[in-house]
Amino acid sequence: MLLLALLFATIGVLAGGPNASAEAAAPSGTSEGGEGVRGTFIDKKGTRAPGDDVPLVDVEVVITTTAGDEVVSGTTDEEGIIELELPSPGEYIATVQLDTLPEGVGLAEGAEVRPFSVDPNDTFRLNIQFGQRERETSTKLDQLPQLVFKGVQFGLIIAICAVGLSIINGTTGLVNFSHGEHVTWGAVAAWFLNVDHGIHLVIAAPLAILIGAATGALTDMILWRRLRNRGVSLLAMMIVSIGLSLAARNVLQVVFGETTKAFRDFNIQIGHDYGPITAVPKDFWLIGIAILALVGVASTLQYTRIGKATRAIADNPDLAASSGIDVNRVVLFVWAAGGGLAALGGILFAVGERVQFDTGFKLLLLMFAGITLGGLGTAYGALVGSFVVGMLIQTSALIIPTELKNVGALVVLILVLLVRPQGILGRAERIG
Amino acid sequence: MDWRLIFDTALTQGFGPQAIVVALAAIGLNVQFGYAGLLNFGQVAFLAVGAYSIAMGVDTFGLNFWLCVFLALLSAVVLALLLGFPTLRLRTDYLAIVTIAAGEIIRLVLRAGSYRGTTGGAAGIQNFADDFFEINPFPRGSNGIGFVDYSSSDLWVMTVGWGLVAASCLMIFLLIRSPWGRVVKAIREDEDAVRSLGKNVYLYKMQALILGGVIGAVGGMIFAIDRQSIVPDSLGTQRTFFAYTALILGGSGRVGGPVVGAIVFTFLTAFTDTTLRELVENNILDKIPLLPSDLLVANEVGIAVQILVGLGLMALMIFRPQGIFGDKREVAISARR
């Protein structure tokens, strides 16, 4: 009897599995699905631990057209799930009715209104974060040590991402707008190895860096070297890099999905107070690894043969070529190193925060600010400049709203170009 | 497969308001990149300035619609001055970096919750162009010509829009034939040579940047007016590069290039988009052997089109930089710059 019950239970589970997934897939199904919107509202209780998540029941959401006319409304069920059908594809605005939220559950200001657009036969996933982790706000100056600490970490990560971009620019003259995708790719590759294949991050990360280096070298061999040999102008090559960035970012979006994801390892750690700052153990590891990598880059450039050759080409490519340096070989090395470092930077960023398909593209802006500040094309300038930019972005939270902290990077960029266009460590060229 | 639907959609969009927006953005880029050799990677910033000047002017500040049109043009000039002042004395990659950053930054500021009262935040601003549609001479209802079918408001936007496209093209045609145009084209070929002739290169570049930016802002106005709605996230960086693809497709450095390019580009993207959707809906991809069954699902069609645009831009730039009917000499940009 017990056996029979077990058997039935197994069948139930087996049958339940596919059914459940079929149900979940139905809204995004193509032919008869129509357009809709779907969301799961969960109170995260200010933590990342899934254990204490509480679904929000009976929360009302009203969907209006962009003109403000109500289309449809509904409430969440016991599991916090809401599913609404929409009459046609187009642009809508979802509004969470704040007065229907349970006591003590809040939203960030403005987060209750969410505009979105729905493609034909598509279901929009309404992703609203409730009760996200918030830091108790103390007086502004008290936050300074914490922000400086975060700034050191962020600055080092940007520096690692940007140093490859700057050396590539120095040796080939190309401003590579697809460098951000190298950064994302590193983190995404590590994520697949770590989460999909269950390889521990300590092993997955070096593998992903190798993949990143190989990708960098391959793009040079397949694309950039050929363009250089054909004498394609740098202007044209920049536009090619933009096309590559657009294509690669969207490929990453298909492969990786739209959501932000975290690694399996080192994800949740408990913070400790160290004097005025609060930090989790991985913060120190990130800083340590980043410093180690940057020292490695600097000593490679300074003392090894290939590093010296790299600097020689950055200084004067024609002179370097005529003194017997194989420029193509060195540039290939630079691309491999740049790809590997970008991957490392992406992984470090993803360990500290999370990774999304456009993480690298967002960082690209900051890398540009960093390498311009340091001096376009110089390796050490990129390090110094990126570090300053990372520090500025984090500490600027004292003065400006956090959501606008990246804006400060652009202001710095423009000011630097006005006052010292060659950057901190750049050499003045004959200009204008 | 409903081929009729696919062609109808593609044709309708190819001449519709969205093509006008791409065309105006690309005409602006043609002045900057095609003629002056300036790499503006933030045309979307000018679109944003045009769109939001009207939206915020009417909705937030209650100004007259036509006054806002004037303010939009003025704001575009100011933005061009801001971006050009620090960068135009430097190599053109600095302009590229600063403009791509400016485009993103403007979007981030516009969608920031902190200024929601002024900018509408991420929800944007709606219903601000009633004054424009009030003087619509076309009768209500849809108006079909052959395959294509437009609503009366679409027709009104298209009449004004294509009129503006024609006017900008005429202006550029005359400008480029003038001494001013010859200096600008000479700057693209060899900046130092022009400088040695005693011309103020910086000033000419600035004028080209302003002119292209203002035309881009006009495109932004059409973008906002057409839908009577503007949302910051519709102004992502990719919009700049759609315009670049259209420009290079049609032929940069030619007056009609960006217009033809915009029509062909919009037609092709709409065609691809609808075809892929039809393929997915009718499960045709599943019947082809060797293809993975989940190769493409409905909500990935938009992404797939962007991938194709990116690859198309690369391929164009590498194999046919002069586009459909450009002149190869016009796009030959000197090697190491």
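This briefing walks through the main features of the structure above, topic by topic. The model is predicted, so please read every value here as computed from it. Chain A is built from twelve helices and eleven strands, and its assignment splits it into two domains. Chain A also touches chain B, with 52 residues of chain A in contact with 58 residues of chain B.

**Chain A as a whole**

- Chain A has 432 residues, and 43% of them count as buried.
- The domain assignment places domain 1 of chain A at residues 34-126 and domain 2 at residues 140-419.
- Measuring from centre to centre is a handy way to picture the layout: the C-alpha centres of domain 1 and domain 2 of chain A lie 36 Å apart.
- Consider the contacts in chain A between residues at least 6 apart in sequence: 71% of these join residues at least 24 apart.

**The three-stranded sheet**

- One open sheet of chain A has three strands in the order β6-β1-β9, and its pairing is mixed.
- Its edge strands are β6 (81-86) and β9 (123-126) of chain A, each of which pairs on one side only.
- From one strand to the next, the twist of this sheet averages 15 degrees.
- Strand β1 of chain A covers residues 35-40 and pairs with β6(A) in the antiparallel sense, over six bridges.
- To find this pairing in the viewer, look for T40(A), which stands opposite I81(A) in β6(A).

**The four-stranded sheet**

- A further open sheet of chain A has four strands in the order β5-β4-β7-β8, with antiparallel pairing.
- Here the edge strands are β5 (70-75) and β8 of chain A, and each pairs on one side only.
- Ignoring direction, neighbouring strands of this sheet are turned by 25 degrees against each other on average.
- Strand β4 (residues 60-65) of chain A runs antiparallel to β7(A), and five bridges join the two.
- Within that pairing, T65(A) has Y92(A) of β7(A) as its bridge partner.
- β4(A) also pairs with β5(A), again in the antiparallel sense and over five bridges.
- A bridge to look for here links V61(A) with G74(A) in β5(A).
- β4(A) and β5(A) form a hairpin with four residues between the strands, where G68(A) takes a positive phi near 100 degrees.

**Where chain A meets chain B**

- Five elements of chain A each supply at least two residues of the side that touches chain B: β7 (90-96), β8 (113-118), α5 (234-256), α10 (359-374) and α12 (405-419).
- The largest share of that side, 15 residues, comes from α5(A).
- By class, the side of chain A that touches chain B has 31 nonpolar, 16 polar and five charged residues.

**A helix in chain B**

- Helix α11 of chain B has 27 residues, 201-227, and at 1.5 Å a residue it should span 39 Å.
- The end C-alpha atoms of α11(B) are 40 Å apart, which agrees with that expectation.
- Of the 27 residues of α11(B), 21 are buried, so the helix is largely enclosed by the rest of the structure.
- Just after α11(B) comes Q228(B), whose phi is positive, near 55 degrees.

**Two residues to compare in chain A**

- T378(A) sits in the loop between α10 and α11 (379-395) of chain A.
- T378(A) counts as buried because 25 other C-beta atoms lie within 10 Å, where the cut-off is 20 or more.
- T378(A) and I168(A) are 210 residues apart along the chain, while their C-alpha atoms are separated by 9.5 Å.
- L319(A) belongs to helix α8 (residues 317-322) of chain A.
- L319(A) counts as exposed because it has 11 other C-beta atoms within 10 Å, and the cut-off for exposed is 12 or fewer.
- L319(A) and T123(A) are 196 residues apart along the chain, and their C-alpha atoms are separated by 59 Å.

Conventions:
Residues are numbered from 1 along each chain as its sequence is written. Chains are lettered from A and ligands numbered from 1 in the order in which they are written. This is a predicted model: local features need pLDDT of at least 70, side-chain atom pairs count only at pLDDT 80 or more; totals for chains, interfaces and linings use all residues. Two strands pair if DSSP finds at least two bridges between them. Axes are lines fitted to C-alpha atoms, for helices over the stretch in contact, and angles run from 0 to 180 degrees between N-to-C directions. Two residues are in contact if their C-beta atoms, placed from the backbone, lie within 7 Å. Ala, Val, Leu, Ile, Met, Phe, Trp, Tyr, Cys and Pro count as nonpolar, Asp, Glu, Lys and Arg as charged, and the others, Gly among them, as polar. Domain bounds come from an automatic or database domain assignment. The expected span of a helix is 1.5 Å times one less than its number of residues.
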